[in-house]
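Here are a few exercises to work through with the model open on your screen. Grab a coffee and try each task before you read its solution.

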Amino acid sequence: GEFAQGELKQDYAHQFSVFWQPPSLDWQLGASWLDSDFTYHPSANENLFEGGRTVRLYTLSAVYYAENWEFNAELQRNHSRDFGGYSPAFFDENKGEGGYAQIRYMLNSQFTLTLGYDMYVSDRNDRDGEKLEAATGGVIPAYFGYEKTATVGVQWDPRPNWRIQAEHHWVNGAGRLTSIPGPQNTPDTAEYWRMWAVQVMYWF
């Protein structure tokens with residue numbers, strides 16, 4: 001990227017998931033665990049150092065299906081450790097959490113509406129990011145400690161092998177824009193921002 005020209009390698013990824021669904025098949029519960037490790041090897045012409053990250057994710061999920069609508073929800077906790085990179089002695093540890101809820105309503109065989117809300121905090125003990133901003137002397141804004149997103153979307157299936165999806169997101173915070181915020185990767189950001197996306201799919 002713009003700030004790192006070295007090589008990022010995933011050393012391992014261990015995963016486990018379990019799901020349960022009743023005979024009626026109208027809802028489903030799930031749980032998953034992920035343990036992964038990454039190592040960064042800097043290039044010879046950059047100012048970064050050898051470093052890495054370990055990540056553990058714990059997730060609970062639920063889905064409910066009805067005739068014309070469905071509901072999805074997920075809760076997640078994560079534990080990450082970052083070392084090196086900015087300096088040989090750099091170390092940062094965070095215990096974050098997040099989740100989302102989404103409802104989809106099928107108007108008819110062609111149109112589906114979506115409403116969703118997603119939230120994330122990088123540190124469970126600093127939910128508003130004020131400690132992050134204070135610890136960096138204001139260099140990193142408090143809104144990099146969290147991210148909250150409201151979403152509306154529509155799906156249109158004009159033909160059996162065509163699908164068009166559009167979404168608009170209203171976002172408060174920037175907690176997911178970068179894994180380790182710093183003065184070199186937080187410029188020109190805002191606490192409140194918007195994003196939209198359009199996807200077109202065709203099945204052969």
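Helices here are DSSP runs of H or I with at least four residues, and strands are E runs of at least two, numbered from the N terminus. Keep in mind that this is a predicted model.

**Exercise 1.** Work out how many helices and strands the chain has, and in what pattern they follow each other.

*Solution.* Start with the count: you should get one helix and nine strands. Next, walk along the sequence and write down each element, which gives β-β-β-β-β-β-α-β-β-β.

**Exercise 2.** Find out how the strands are arranged, and which ones stand at the edges.

*Solution.* First, list the order in the sheet: β1-β2-β3-β4-β5-β6-β7-β8-β9, with antiparallel pairing, in an open sheet. Then look at the edges, where β1 (7-20) and β9 (192-202) each have a single partner strand, so one side of each lacks a neighbour in the sheet. Finally, check the twist, which averages 15° from one strand to the next.

**Exercise 3.** Zoom in on β4 and β5: how many bridges join them, and what stands opposite Arg81?

*Solution.* Pick out β4 at residues 69-84 and β5 at residues 91-106; these antiparallel strands are joined by 15 bridges. Now go to Arg81, and you'll find Glu93 of β5 opposite.

**Exercise 4.** Take stock of burial and charge over the whole chain.

*Solution.* Call a residue buried if its relative accessible area is under 20%. On that basis, 31% of the 204 residues are buried. For charge, tally 15 positive and 26 negative side chains; the centres of these two sets lie 5 Å apart.

Note on methods: Residues numbered from 1 in each chain as written. Predicted model: local features only at pLDDT ≥ 70, side-chain atom pairs only at ≥ 80, totals over all residues. Heavy atoms only, no water. Buried < 20%, exposed > 50% of the residue type's maximum accessible area, 1.4 Å probe, protein only. Lys, Arg positive; Asp, Glu negative; His and termini not counted. Charge placed at Lys NZ, Arg CZ, Asp CG, Glu CD. Pairing = 2+ DSSP bridges. Axes fitted to C-alpha atoms, helices over the stretch in contact; angles between N-to-C directions.
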